[in-house]
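Biologist: Hi! I've got a new model open and I'd like to walk through it with you. Could you start wherever you like?

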Amino acid sequence: MSVLKQLTDDWRSRLKVECSDYSQEVHQSIIDWLIGENPDRLLDLDPEDWEIAVAAMDYRYRILQKRYLGVAPEVAYKKLMKRLASLFLIRNKIRTWVALSRDRQRSVVDVLQEVIQELLQSDHYLKEQMGLIQQITPQRWLQNTLILATLEEYCLRPIRNQPLLLYRFLNYLRRSQRGGMTNIPTGNLVRLISEELTSEESDDPISLLDRQAIAEYKDTQAYLQQQRYRKAVAREFQAYLYETLGEKAANWLQFYLQGRTQEEISTLLDLSVKQVYRLREKVSYHAIRIFALKQQPELVSHWLEISLEDHTLGLTPSQWQTYWDSLTPTQKQLLELLKEQTPPHEIGEILNWKTSQVIAEWSKLYLAAQSLRNP
């Protein structure tokens, strides 16, 4: 049996169990969407790259299943907007722009809706995906569902350690400064998604930012190399946890990276939910205070959804405001520099500190946030 047939059969068996309410036709459409155009391209991958490709399919499927499959289009669209609006860096940049613009009544979601609308009309990758979706299923509801899942996965792709959506927003900002906000009625957005399901070329110009982001992500070898590196860091961190905190901590990380909820992990580890959350805090502490400082701090913190850039250190909005108000001007400056991915030695030069002092102060600020998360 060829590996492609085995892959397809595996997905078919999984969907039969996890999506039993849907027909075989729907299952096949989802499989075609996951595998993508030109399935034979997968045959050229070496074993490690094959594993990465399969993991990417699983990640995409979990997005589909978790937020969009079986959900009414209007509700599914709201879920997409909520997910994208939760990105701290995007949210803050949009708020700043709105505050400086003439139309200050705009919300973050209002602007995001316009950015997404522009993406659907002008982004080459998404137009390719919409063309594929149109080919694999004639069912309008499934088309909408698949494109919403595609949008989330695409917008969150990391480009130079930032979500791709950030670059698309900057691209949108440049265009809107020339022509103003289009103010598309929100009630028509889901309908417009289906209407945009076309593979025809658009006359819309693609900006330099657009070209750069597409080119970078279309470079398969660069992407695979990035994924290899992330897997290597994951393995190293898991080994570190096993040696430092024990087998349950290492297994917690493995399950977490699979997308399991804390409740699911508690069952798998035979621990109470409270114990699992305590274990998560231990892992978080070691990730930021010890391991991540020597490796990739932004990488592990994004895994744990406690990153400074996108997750406000895992704090709720009210907790973050309390936390921010408690900081000194210098501490606030330090966090702003860290958000901008400024290296510790450069921060030290700006603040006239030693690099070790920068790291020590950052650790102190992280622990203060942790104490707020778990009073």
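Modeller: Happy to! Let's begin with Lys 364, which is partly exposed, with a relative accessible area of 48%. Keep in mind that this is a predicted model.

Biologist: Which residue does Lys 364 meet in a salt bridge?

Modeller: The partner is Glu 361, with 3.9 Å from N to O.

Biologist: And is Glu 361 buried or exposed?

Modeller: Glu 361 counts as buried, because its relative accessibility is 16% and the cut-off for buried is under 20%.

Biologist: Where do Lys 364 and Glu 361 sit along the chain?

Modeller: Both belong to helix 21, which covers residues 355-373. They are three residues apart there, so about one helical turn separates them.

Biologist: Why does that spacing matter for side chains in a helix?

Modeller: An α-helix has 3.6 residues a turn, so residues three or four places apart point the same way.

Biologist: Nice. What else touches that pair? I clicked on Gln 331 and want to know its contacts.

Modeller: Good click! Apart from neighbours within four places in sequence, Gln 331 is in contact with Glu 361 and Lys 364, and also with Ser 326 and Leu 365. Gln 331 itself is in helix 19, residues 329-339. With 11% relative accessibility, Gln 331 counts as buried.

Biologist: Which other residues of helix 19 are buried?

Modeller: Besides Gln 331, the buried residues of helix 19 are Leu 334, Leu 335, Leu 337, Leu 338 and Lys 339.

Biologist: Let's take Leu 337 then. What does Leu 337 touch?

Modeller: Not counting residues up to four places away in sequence, Leu 337 touches Thr 342, Ile 347 and Ile 350. The C-alpha atoms of Leu 337 and Ile 347 are 6.9 Å apart, and these two residues are ten apart along the chain. Leu 337 has a relative accessibility of 11%, so it counts as buried.

Biologist: What is the phi of Gln 341, just after helix 19?

Modeller: Gln 341 takes a positive phi there, of about 65°.

Biologist: Back to salt bridges. How many are there?

Modeller: The count comes to ten salt bridges. One of them joins Asp 9 and Arg 12, whose closest N and O atoms are 3.1 Å apart.

Biologist: What separates Asp 9 and Arg 12 in the helix?

Modeller: About one helical turn, because they are three residues apart in helix 1, residues 3-18. Asp 9 is partly exposed, with a relative accessible area of 22%, and Arg 12 is partly exposed too, with 35%.

Biologist: What about Arg 157 and Glu 153, buried or exposed?

Modeller: Both Arg 157 and Glu 153 are buried. They form a salt bridge as well, with the closest N and O atoms 3.0 Å apart.

Biologist: Which residues are linked in a network of salt bridges?

Modeller: That network links Arg 14, Glu 18, Asp 58 and Arg 62.

Biologist: New topic: helix packing. At what angle do helix 6 and helix 8 cross?

Modeller: The axes of helix 6 (residues 108-122) and helix 8 (residues 140-155) cross at roughly 105° and come within 12 Å. That angle makes helix 6 roughly perpendicular to helix 8.

Biologist: Which residues meet there?

Modeller: Helix 6 brings Ile 116, Leu 119 and Leu 120, and these meet Ile 147, Leu 151 and Cys 155 in helix 8. The residues of this contact divide into six nonpolar, no polar and no charged.

Biologist: And how do helix 13 and helix 14 cross?

Modeller: Their axes come within 10 Å and cross at roughly 140°, with helix 13 covering residues 247-257 and helix 14 residues 262-269. That makes helix 13 oblique to helix 14. The crossing of helix 13 and helix 14 is right-handed.

Biologist: Who makes that contact?

Modeller: From helix 13, Lys 248, Asn 251, Trp 252, Phe 255 and Tyr 256, and from helix 14, Gln 262, Ile 265, Leu 268 and Leu 269. The residues of this contact of helix 13 with helix 14 divide into six nonpolar, two polar and one charged.

Biologist: Let's zoom out. How many helices and strands does the protein chain have?

Modeller: The protein chain has 21 helices and two strands. Of its 375 residues, 47% are buried. Among contacts with a separation of 6 or more, 68% are between residues 24 or more positions apart.

Technical notes: Residues are numbered from 1 along each chain as its sequence is written. This is a predicted model: local features need pLDDT of at least 70, side-chain atom pairs count only at pLDDT 80 or more; totals for chains, interfaces and linings use all residues. Side-chain values use heavy atoms; hydrogens and water are left out. Axes are lines fitted to C-alpha atoms, for helices over the stretch in contact, and angles run from 0 to 180 degrees between N-to-C directions. Helices (H or I, at least four residues) and strands (E, at least two) are DSSP runs, numbered from the N terminus. Angles under 35 degrees count as roughly parallel, over 145 as roughly antiparallel, 65 to 115 as roughly perpendicular and the rest as oblique. A crossing is left-handed if the near helix is turned anticlockwise from the far one by less than a right angle, and right-handed if clockwise. Contact means heavy atoms within 4.5 Å. Ala, Val, Leu, Ile, Met, Phe, Trp, Tyr, Cys and Pro count as nonpolar, Asp, Glu, Lys and Arg as charged, and the others, Gly among them, as polar. A salt bridge is a side-chain nitrogen of Lys or Arg within 4 Å of a carboxyl oxygen of Asp or Glu. Buried means under 20% relative accessible area, exposed over 50%, partly exposed in between (1.4 Å probe, protein chains only).
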